[in-house]
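User: Could you take a close look at the salt bridges in this one for me? I'd like to know who pairs with whom and how exposed the partners are.

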Amino acid sequence: MGFIDDVKRWLGREAADAKEWVDASVERGHDELDQAERRLSDDPSTRMAALQDDIAANDQAFDSLRDKADAALARPQADADLVEDGVEETASVEAQEGRDQPGGP
């Protein structure tokens, strides 16, 4: 009966893990519900201040993403501007001398 006992112990451990996960999820749900109830009971000026704080936090994240996107797009746009002006792209001095290649001088 060793195999059946092992399966029962394994199922018991899995059930305990599932119970912990459910309890943690319920706790997070209760916390979020309590926070929502507090916000509903706040006066309008407090609600407005909380909304502005949320907007400011989201703006910072958006600004950081926008800066990354602008930086990624700057190089191709600069290259395109040079081509439009008739300037041809040339290899760098390091590339011409082979220093940027593995095994180069």
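Analyst: Here is a walk through the salt bridges, one pair at a time. Keep in mind that this is a predicted model. The structure holds 4 salt bridges, and I'll go through some of them, including two in helix α1.

Let's start with Arg 9 and Asp 6. Their closest N and O atoms sit 2.2 Å apart. Both residues belong to helix α1, which covers residues 2-41, and they are 3 residues apart, or about one turn of the helix. As for exposure, Arg 9 is partly exposed because its relative accessibility of 47% falls between the 20% and 50% cut-offs. Asp 6 is partly exposed as well, at 42%.

Staying in helix α1, we get to Lys 19 and Asp 23, which are 4 residues apart, again about one turn. Here the salt bridge has its closest N and O atoms at 3.1 Å. Asp 23 comes out as partly exposed, with 39% relative accessibility. Lys 19, on the other hand, has a relative accessible area of 53%, so it passes the 50% cut-off and counts as exposed.

Now over to helix α2, residues 44-84, where Asp 63 and Arg 66 lie 3 residues apart, about one turn of the helix. Their side chains meet in a salt bridge with an N to O distance of 3.1 Å. Asp 63 is partly exposed at 30% relative accessibility, and Arg 66 is partly exposed at 39%.

How values were computed
Residues are numbered from 1 along each chain as its sequence is written. This is a predicted model: local features need pLDDT of at least 70, side-chain atom pairs count only at pLDDT 80 or more; totals for chains, interfaces and linings use all residues. Side-chain values use heavy atoms; hydrogens and water are left out. Buried means under 20% relative accessible area, exposed over 50%, partly exposed in between (1.4 Å probe, protein chains only).
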